[in-house]
Amino acid sequence: RVDEWTDGDRKRVMNDIITTMFNKKFMEELFKPQELYSKKALRTVYDRLAHASIMRLNQASMDKLYDLMTMAFKYQVLLCPRPKDILLVTFNHLDAIKDFVHDAPGILNQVDETVRQLIETYSSLSAGEFQLIRQTLLIFFQDMHIRVSIFLKDKVQNSNGRFVLPISGPVPWGTEVPGLIRMFNHNGDEVKRIEFTTEGNYVTPQREGSFDLYGDRVLKLGTNMYSVSRPVETHMSGSSKNLASHAKENRTPNPLAKEELNFLARLLGGMDIKKPAGSETGFRLNLFTNDEEEEHAALTRPEELSYKVVDIEATQ
C-alpha cells in the first residue's frame, strides 16, 4: 500500500540492496574469469539481491520482476548498435544506480570502484572479443520470449515475444551510412562508385558515448524505461510455454553441478538477507494490481518455470 511506503523506506531499501550488490567480495567473485552462470544460478543470486533489505516479494511477484529484468536486458543487448556498446549500456545502469545513492558517499564509492574495474577489465578488449561476449549473452536469453506491455506498446516487441530490430536511425559509431559501393583495383586505388537506395532512413551519429567514469554515454539503451509513467505487465507467450516444457532439466547428473554449487556459495557469501529488526514488519512488494491477481498468477504459471531457490550456508 502506497500510504505505508515512505521515501525514507524506499531510500533505505535501495541503499541496502545496492550495498549488497556491490559488496567487495561479491564483486571480486564476479570479475574472476569464468563460464556464464546457468539460469538457476542467476535466479538464485537475483532472489538473494531482491531480498537483501526488509522488502519481501511473493513468488509470483518475484517471477514477474525477474521476467521483466531478463527481457529488458535481452532487449538492450540485442539492440546495441555495435558489440562494444554493451559496456555503455552497463555504464547507463551504473549511472542510474549512482543517482539512487548520491547522498550516501560510502555506497557511491563502492559503485565507482566497480566502474573503475569495468574500465580496467573491458575497455581494452577488441571488437571481436566484445562480439563473443554479446553472442554468449544472446545465447543465454534466446529461449526467453516473455511479452512485456511497455515493449508491446512501443512496437519494439511482437505479440510472440520476439523483439523488432529497427532498420532506421543512427548507424554504429565508426561506420558509414549505407548507400555507396566503392570498387578498387589491385593497387588499392578507387576506380568506380555505385550508389544504391536503402529502405531505412540512416543517419551518422554525432559523437561516440563516453567510456570514462563520468560522461555522456550518448546511447539511451539501459536508461530508465519508465521516464513516461505507465503500468507494466509481463505475459508468457505461447512459444515460451512450449519452450518451457522443452527446457525441463536434464535428468542426467551434471558433473559440473558440484562446482556450480561451490561457486554459488562463494558468490552468496557476501549476501545477507536482512530480517526486520524489533517491531518492524518489513514491506511486501506486490507487482500486481491486487493480492488476488498475484495469487492467480502464482497458480497459473507453468510448473516448468517455477524457480526453486537453493539456500547455501557459505560458511560451512
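Strands are DSSP runs of E of at least two residues, and they are numbered from the N terminus. The exercises below use that numbering on a predicted model.

**Exercise 1. Place I194 and describe the surface patch to which I194 belongs.**

Step 1. Find the element. I194 lies in strand β5.

Step 2. Check the exposure. I194 has a relative accessible area of 33% and is partly exposed. Patch residues need over 30% relative accessible area and no salt bridge.

Step 3. List the partners. Together with I181, M183, V191 and F196, I194 makes a nonpolar surface patch of about 400 Å².

Step 4. Assign the patch to elements. At least two of its residues come from β4 (180-184), and at least two from β5 (190-195).

**Exercise 2. Give the overall make-up of the protein: how many helices and strands does it have, and what share of its residues is buried?**

Step 1. Count the elements. There are 11 helices and 8 strands.

Step 2. Take the burial. The protein has 316 residues, and 36% of them count as buried.

Step 3. Take the surface. The accessible surface comes to about 19,300 Å², with 55% of that area belonging to carbon and sulfur atoms.

Step 4. Look at the contacts along the chain. Of the contacts between residues at least 6 apart in sequence, 74% join residues at least 24 apart.

**Exercise 3. Compare the span of helix α1 with the expected span, and list its buried residues.**

Step 1. Take the limits. Helix α1 covers residues 7-21, which is 15 residues.

Step 2. Compare the spans. From first C-alpha to last, α1 reaches 21 Å, close to the 21 Å expected at 1.5 Å a residue.

Step 3. List the buried positions. In α1 these are D9, V13, N15, D16, I17, I18 and T20.

Step 4. Recall the helix geometry. With 3.6 residues a turn, an α-helix has residues three or four places apart pointing the same way.

**Exercise 4. Describe the largest nonpolar core and the contacts of I18.**

Step 1. Find the central members. The core holds 45 residues, and I18, F22, Y75, F91, L94 and F151 touch the most other members.

Step 2. Find the contributing elements. Those giving two or more residues to this core include α2 (24-30), α3 (39-50), α4 (59-78), α6 (105-122) and β2 (146-148). The most comes from α5, which gives 7 residues.

Step 3. Follow I18. Leaving aside neighbours within four places in sequence, I18 is in contact with I97, F100, V101, I107 and V111.

Step 4. Look for a separate core. Apart from the largest core lies another of 9 residues, among them V13, A50, L57 and Y66.

**Exercise 5. Which partners form salt bridges with E208, R193 and R207?**

Step 1. Recall the principle. Side chains of opposite charge can pair when their charged atoms come close.

Step 2. Take the total. The whole structure has 15 salt bridges.

Step 3. Treat E208. Its partner is R82, with the closest N and O atoms 2.6 Å apart. The pair links distant parts of the chain, 126 residues apart: E208 is in the loop between β6 and β7, and R82 is in the loop between α4 and α5. E208 is partly exposed at 31% relative accessible area, whereas R82 counts as buried at 15%.

Step 4. Treat R193. R193 pairs with E190, and their closest N and O atoms are 2.4 Å apart. E190 counts as partly exposed at 36% relative accessibility.

Step 5. Treat R207. Its side chain meets that of D216 at 2.5 Å, N to O. R207 is partly exposed at 42%, and D216 is partly exposed at 39%.

Step 6. Add the network. Salt bridges link D95, K98, D112 and R217.

**Exercise 6. Where in the chain do K155 and V218 lie, and what is the phi of each?**

Step 1. Place K155. K155 is in the loop between α8 and β3 (169-170).

Step 2. Take its phi and exposure. Phi of K155 is near 60°, a positive value in a residue other than glycine. K155 is exposed, because its relative accessible area is 66% and the cut-off for exposed is over 50%.

Step 3. Place V218. V218 is in the loop between β6 (202-203) and β7 (234-236).

Step 4. Take its phi and exposure. Phi of V218 is near 65°, a positive value in a residue other than glycine. V218 counts as partly exposed at 29% relative accessibility.

Definitions and conventions
Residues are numbered from 1 along each chain as its sequence is written. This is a predicted model: local features need pLDDT of at least 70, side-chain atom pairs count only at pLDDT 80 or more; totals for chains, interfaces and linings use all residues. Side-chain values use heavy atoms; hydrogens and water are left out. Patches are made of residues with over 30% relative accessible area and no salt bridge: like charges are joined within 9 Å, nonpolar side chains (Val, Leu, Ile, Met, Phe, Trp, Tyr) within 5 Å. Accessible areas come from the Shrake-Rupley method with a 1.4 Å probe; for residues, only the protein chains shown count as cover. A salt bridge is a side-chain nitrogen of Lys or Arg within 4 Å of a carboxyl oxygen of Asp or Glu. Helices (H or I, at least four residues) and strands (E, at least two) are DSSP runs, numbered from the N terminus. Buried means under 20% relative accessible area, exposed over 50%, partly exposed in between (1.4 Å probe, protein chains only). The expected span of a helix is 1.5 Å times one less than its number of residues. Contact means heavy atoms within 4.5 Å. A nonpolar core is a set of buried Ala, Val, Leu, Ile, Met, Phe, Trp, Tyr and Cys residues joined through side-chain atoms within 4.5 Å.
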